Amino acid sequence: MNPQSDKAPQVLISGAGPTGLMLAGQLVARGIRCRIIDKAAVRSPHSRALVVQPRTLELLDQMGLTEALIAEGQPTPQVTVYLNHRRVVDLDISDTGLTDTAYPFLLFVSQVETERVLERYLTEHGVQVERPLELLSFKSDAGKVTAQLQHGDGRKETVQAAYLVGCDGAHSAVRKGLGLKFEGEAYEQDFVLADVDIDWPIGHQQLTISLGDDGVFVVFPMKGERAYRIIAARAGAPKADAGEPTLEELQALAAARSPVPLTLSCPRWLARFRLHHRAVERYSAGRGFVAGDAAHIHSPAGGQGMNTGIQDAANLAWKLALVLRGEAPESLLDSYNDERWPVGQALLRT
């Protein structure tokens, strides 16, 4: 059980990625009892999202976490863009030009570190992520949500909370249980992602974008002398039986796309994805809410999924806190959808 309190949670959060962790942290900071569960036995070791945007850094600063995260990240690199192997533009994005923030830059840091910083905050405030613990089903009435959970050993548990929030990703059980439509389409391309070491003549502070007739090839520097993330999108429809990529396949793809000779080694993560752009028609129904990938999914460019999810969570948290403390009417919660739904739609358009 959650050591935060022997009392029933006021908010049950399903999903302990960055969105769920941020929501729990913001609620705990406001004195709200919550439980956060995740069906995975352990946190993913893979880096996934790499970019933390200025607004997210501001929100983390409210919790005293920004400096710790910056210490784990890479300085914002220079960006060089190539078109069919020809260098066409150099960009300096060390300063975004924003004048109304203390963090006018993009921080390149592994999602693993973002989650670690947020989870440590929860632990320090008496809340443990409970895993493996899966949300099986739930029902709600005028005053509460009653959820059925299943532990890793098969034991089932019934828990009641005032509100339920689904931060449980693209296949969200909360979204499905709320009956929210998740409309959109798949991108025509498939995407190959890899965390590897690269030997090449390009400096480690540079983000390299290669555009060509055969697709997109992007190389992000990561923490570590030769550590990089590669994202490659193939032109044309994906192959249904392509399977997971091999280092040899990725080496051939990189050699064909890179503007300079390179050698890949030490693969830490190789994956192939078919990505979608989808969104719910509404971010809530009754006493249930969705946030992050449970509400909207789109291209991984710019880390916009993780950042938008964290910002969804921050928007919802203070509203839930005011309502649960009796300091605002329940109608305030309608503004979560009114404010965050347009943001998700804007991401899908761009």
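Contact here means heavy atoms within 4.5 Å. The structure is a predicted model.

**Exercise 1. Place Gln78 and list what surrounds it.**

Task: Which strand holds Gln78, and which residues is Gln78 in contact with, leaving aside neighbours within four places in sequence?

Solution.
- Step 1: Find the strand. Gln78 belongs to β4, which covers residues 78-83.
- Step 2: Apply the contact cut-off. Beyond four places in sequence, Gln78 contacts Leu91, Asp92, Gln205, Gln206 and Leu207.
- Step 3: Look for a polar contact. The side chains of Gln78 and Asp92 are joined by one of 3.3 Å.
- Step 4: Compare sequence with space. Thr208 is 130 residues away from Gln78 in sequence, yet their C-alpha atoms are 8.4 Å apart.
- Step 5: Classify the exposure. Buried means under 20% and exposed means over 50%. Gln78 has 36% relative accessibility, so Gln78 is partly exposed.

**Exercise 2. Check the cysteines.**

Task: How many disulfides does a search of the whole structure find?

Solution.
- Step 1: Recall the bond. A disulfide links the sulfur atoms of two cysteines covalently.
- Step 2: Set the cut-off. The two sulfur atoms must lie within 2.5 Å.
- Step 3: Read the result. The search of the whole structure gives zero disulfides.
- Step 4: Test Cys34. The nearest cysteine sulfur belongs to Cys167 and is 11 Å away, and Cys34 is in no disulfide.
- Step 5: Test Cys167. Its nearest cysteine sulfur is that of Cys34, at 11 Å, and Cys167 is in no disulfide either.
- Step 6: Add the exposure. Cys34 has a relative accessible area of 1%, so Cys34 is buried. Cys167 stands at 10%, so Cys167 counts as buried.

**Exercise 3. Trace the five-stranded sheet.**

Task: In what order do the strands of the open sheet run, and which are the edge strands?

Solution.
- Step 1: Write the order. The five strands run β2-β1-β10-β19-β18, with mixed pairing.
- Step 2: Mark the edges. β2 (34-37) and β18 (284-285) each pair on one side only.
- Step 3: Pair β1 with β10. Strand β1 (residues 11-14) runs parallel to β10 (residues 163-166), and four bridges join them. Leu12 has Leu164 as its bridge partner in β10.
- Step 4: Pair β1 with β2. These strands are also parallel, over four bridges. Opposite Ile13 stands Ile36 of β2.
- Step 5: Follow the connection. From β1 the chain passes through helix α1 (residues 18-29) to β2, a right-handed β-α-β crossover.
- Step 6: Check both faces of β1. In a regular strand, side chains alternate between the two faces of the sheet. Val11 and Ile13 lie on one side of β1, Leu12 and Ser14 on the other, and all are buried. Both faces of β1 are therefore covered.

**Exercise 4. Describe the setting of His296.**

Task: Is His296 buried or exposed, and which side chain joins that of His296 in a polar contact?

Solution.
- Step 1: Locate the residue. His296 is in strand β20 (residues 296-297).
- Step 2: Classify the exposure. Relative accessibility is 0%, so His296 counts as buried.
- Step 3: Name the polar partner. The side chain of Asp312 makes a 2.8 Å polar contact with that of His296.
- Step 4: Complete the surroundings. Beyond four places in sequence, His296 touches Phe182, Arg278, Ala279, Tyr283, Thr308, Gly309 and Asp312.

Notes:
Residues are numbered from 1 along each chain as its sequence is written. This is a predicted model: local features need pLDDT of at least 70, side-chain atom pairs count only at pLDDT 80 or more; totals for chains, interfaces and linings use all residues. Side-chain values use heavy atoms; hydrogens and water are left out. Helices (H or I, at least four residues) and strands (E, at least two) are DSSP runs, numbered from the N terminus. Buried means under 20% relative accessible area, exposed over 50%, partly exposed in between (1.4 Å probe, protein chains only). A polar contact is a pair of N or O atoms within 3.5 Å; within protein, one must be able to donate a hydrogen and the other to accept it, and residues adjacent in sequence count only if both atoms are side-chain atoms. Two strands pair if DSSP finds at least two bridges between them. A crossover is right-handed if, with the strands pointing away from the viewer, the path from the first strand over the helix to the second runs clockwise.
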